[in-house]
Amino acid sequence: QVQLVESGGGLVQAGGSLRLSCAASESISSINVMGWYRQAPGKQREQVAVIASGGSTKYGDSVKGRFTISRDNAKNTVYLQMNSLKPEDTAVYYCNAFQIRSGINDYWGQGTQVTVSS
């Protein structure tokens, strides 16, 4: 069972930046894909960015060029650097760990609120 703890959310003005962190309870080098998802009120959860164990990344269309996902295996932490924030980025951001080990394991953090004011 992998536990994920997000931090770094908060209130920021449009155009500002935030960095989210996701600390895992075990080595993330054993986790196939780690990612960030978000859910705004009344909307479905959407993928923001994912990073594979080999380092390849994928971003949602709405955040390309503004957000950057990275991982520090030594710290068992994944980051999401968010720049040029827009009010439409307001959501609860969730960290996810997708692991194939003795089956498929899908873990979620508790979420962190990001609010962007106009």
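A residue counts as partly exposed when its relative accessible area falls between the buried limit of under 20% and the exposed limit of over 50%. S84, at a relative accessible area of 40%, is therefore partly exposed. The model on screen is a predicted one, and S84 is a convenient place to begin.

**Stop 1: S84 and N76**

Select S84 and look at the backbone around it. S84 sits in the loop between β8 and β9. Its phi is positive, about 50°, although S84 is not a glycine. Most residues other than glycine have a negative phi.

Now move back along the chain to N76, which belongs to the loop between β7 and β8. What is the sign of phi at N76? It is positive, with a value near 55°, again in a residue other than glycine.

**Stop 2: the whole chain**

Zoom out and colour by secondary structure. The chain contains eleven strands and zero helices. Read from the N terminus, the order of elements is β-β-β-β-β-β-β-β-β-β-β. The radius of gyration is 14 Å, close to the 13 Å given by the globule rule for 118 residues, so the chain is as compact as a globular protein of that length. Along the principal axes, the C-alpha atoms fill a box of roughly 45 × 25 × 25 Å.

Switch to a surface view. The chain exposes about 6,100 Å², and 47% of that area comes from carbon and sulfur atoms. Of the 118 residues in the chain, 44% are buried. Among contacts with a separation of 6 or more, 55% join residues 24 or more positions apart.

Colour the charged side chains next. There are 11 positive and 8 negative ones. The centres of the two sets lie 3 Å apart.

**Stop 3: the nonpolar core**

Hide the surface and select L4, M34, W36, L80, M82 and Y93. These belong to the largest nonpolar core, which has 30 residues, and they touch the most other members. Which elements give two or more residues to this core? They are β3 (18-24), β4 (33-39), β5 (46-52), β7 (67-72), β8 (77-82), β9 (91-100) and β11 (112-117).

**Stop 4: R38**

Stay with β4 and select R38, which is found in that strand. Is R38 buried or exposed? Its relative accessible area is 5%, and it is buried, since the cut-off for buried is under 20%.

Show the residues in contact with R38, leaving aside neighbours within four places in sequence. They are Q44, R45, E46, V48, S62, V63, F67, E88, D89, A91, V92 and Y93. Y93 was selected at the previous stop, as one of the core residues that touch the most other members. For a distance across the fold, pick the C-alpha atoms of R38 and C95: the two residues are 57 apart along the chain, and the separation is 8.7 Å.

**Stop 5: Y59 and T68**

Select Y59 in strand β6 (residues 57-59). Beyond residues up to four places away in sequence, Y59 touches V48, A49, K64, F67, T68 and I69. Two of these names, V48 and F67, also appear among the contacts of R38. From Y59 to V78 the distance is 15 Å, C-alpha to C-alpha, with their positions 19 residues apart in sequence.

Follow the contact from Y59 to T68, which is found in strand β7. At 43% relative accessibility, T68 counts as partly exposed. With residues up to four places away in sequence set aside, T68 touches Y59, Y79, L80 and Q81. L80 is one of the core residues selected at stop 3. The C-alpha atoms of T68 and V50 are 9.6 Å apart, and these residues are 18 apart along the chain.

**Stop 6: G103**

Finish at G103, in the loop between β9 and β10 (104-108). G103 has a relative accessible area of 38% and is partly exposed. Draw a last distance from G103 to S53: 17 Å, C-alpha to C-alpha, for residues 50 apart in sequence.

Conventions. Residues are numbered from 1 along each chain as its sequence is written. This is a predicted model: local features need pLDDT of at least 70, side-chain atom pairs count only at pLDDT 80 or more; totals for chains, interfaces and linings use all residues. Side-chain values use heavy atoms; hydrogens and water are left out. Helices (H or I, at least four residues) and strands (E, at least two) are DSSP runs, numbered from the N terminus. The radius of gyration is taken over C-alpha atoms; the globule rule is 2.2 Å times the number of residues to the power 0.38. Buried means under 20% relative accessible area, exposed over 50%, partly exposed in between (1.4 Å probe, protein chains only). Contact means heavy atoms within 4.5 Å. Accessible areas come from the Shrake-Rupley method with a 1.4 Å probe; for residues, only the protein chains shown count as cover. Lys and Arg count as positive and Asp and Glu as negative; His and the chain ends are not counted. The place of a charge is taken as NZ of Lys, CZ of Arg, CG of Asp or CD of Glu. A nonpolar core is a set of buried Ala, Val, Leu, Ile, Met, Phe, Trp, Tyr and Cys residues joined through side-chain atoms within 4.5 Å.
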